[in-house]
Amino acid sequence: MENLMKHSLRQLVRRIPTKVLKVTLEKWGRLTSVQLQNIDFTLSKWALTDELITLCEENGCNVRHIAELEMIYVIDNPNQGMWCAFQLMDPESDAAAVELMQFKEQFKCHLSELVRNVSIKMKKNTDDAVWIRIAWEDNFSRPNSMRPTYVVHYLQTPYVFVTRLTSKQKPLLSQALIIATRHQSIKDANLSGRKLSAIRDLLMRQYEQVFPTMYPSPLVERNQIASHPHIEKEQAKTEINPRQMACEAFGGGRLPQLESVVYKMETKYKGPTNQRMAERETPFKCVIKFSSTNLLESFRHGASSGIVSTPVSVLLSSITRKGRNCFVVTDKVTGPSVN
């Protein structure tokens, strides 16, 4: 094997936990069953990698095969980096009729025209997602397999999820996606996170949504002793189910495991005591970030238990309503507004 191939395999094996390495190699299918049985997975990573390099040399594996192995691992373990969501805009009349083979051909053809040296691999997953691995050229040389971009697109939907994409590569990828999916443009969805499934479920509304009910408070028993009308009226105001309001704002059941939300605040000074500050044209800016292992669950619990006041503020409910976790809040609007 060439030094580049050996280096790629060594770097990849170092990333893959030993407990999932065997399963990943079995899915790869480039080693025989006998070879897999003879591998000692209790060895150190360095010794294990040397053994795998020897076996790959015997089987004639090349750098494309190493890329296949990496792609299998990333698809099975997608929570390895920061994923960003994008939304395709203005579909053409035949956008809904684009099939997998047509998408593959159009995407590969156009991106290859834009970039001289690029390696593109595609694989359709069991959940109908099309996974794309792109190794971009490195200083006008052959594709750099060490830092590929991964793209996940669900056909017949406007949603695209991307990781490891540079600002230089973004317009090239965007143009290839627009043409292959038969759309006019693509925009940033202002949604990102380390868990692909979380941002996908939030953006595509793949969680239990709870809608307002006509009976927000529990039904009163018929044989209940009557009390004063004014007391009943005041009790009804306080007995509106905060759990219902929390679920309406954030969803019911199991929620997407969103880990952060960012609010970029822009406001002008309004105090009457400092005229110089009040006349300042540029607004004051600050960033507020909430973090948690499951942010939506934390907000829902806070609203249900009374820690967060109900009805839930639009600043929080916009996370699920708009499918975003990055907002710009200005003085011009009453709620979050993304520029």
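**Exercise 1.** Check the length of helix 1 (residues 3-15) in this predicted model.

*Solution.* Start with the count: helix 1 has 13 residues. Take 1.5 Å a residue; the expected span is 1.5 Å times one less than the number of residues. That gives 18 Å for helix 1. Now take the end C-alpha atoms: they are 19 Å apart, which agrees with the expected span.

**Exercise 2.** Find the buried residues of helix 1 and what they pack against.

*Solution.* Apply the cut-off: buried means under 20% relative accessible area. In helix 1, Met-5, Ser-8, Leu-9, Arg-10, Leu-12 and Val-13 are buried. Next, look for their partners. These buried residues pack against helix 2 (18-28), helix 4 (45-58) and helix 5 (63-76).

**Exercise 3.** Work out the strand order of the sheet and name its edge strands.

*Solution.* Six strands make up an open sheet, and its order reads 2-3-4-5-1-6. Pairing is antiparallel. Strand 2 (119-124) and strand 6 (183-193) each pair on one side only, and they are the edge strands. On average, neighbouring strands are turned by 20 degrees against each other, direction ignored.

**Exercise 4.** Describe the pairing of strand 3 with strand 4, then place helix 6 and helix 8 on the sheet.

*Solution.* Strand 3 (residues 129-135) pairs with strand 4 (residues 149-154) in the antiparallel sense, over six bridges. Within this pair, Arg-133 stands opposite Tyr-150 of strand 4. Helix 6 (residues 100-114) lies across strand 2, strand 3 and strand 4. Helix 6 runs at about 165 degrees to strand 2. Helix 8 (residues 196-203) also packs on the sheet, touching strand 1 (83-91), strand 3, strand 4, strand 5 (159-163) and strand 6. The direction of helix 8 makes about 125 degrees with that of strand 6.

Methods. Residues numbered from 1 in each chain as written. Predicted model: local features only at pLDDT ≥ 70, side-chain atom pairs only at ≥ 80, totals over all residues. Heavy atoms only, no water. Helix = DSSP H or I, 4+ residues; strand = E, 2+ residues; numbered from the N terminus. Buried < 20%, exposed > 50% of the residue type's maximum accessible area, 1.4 Å probe, protein only. Contact = heavy atoms within 4.5 Å. Pairing = 2+ DSSP bridges. Axes fitted to C-alpha atoms, helices over the stretch in contact; angles between N-to-C directions.
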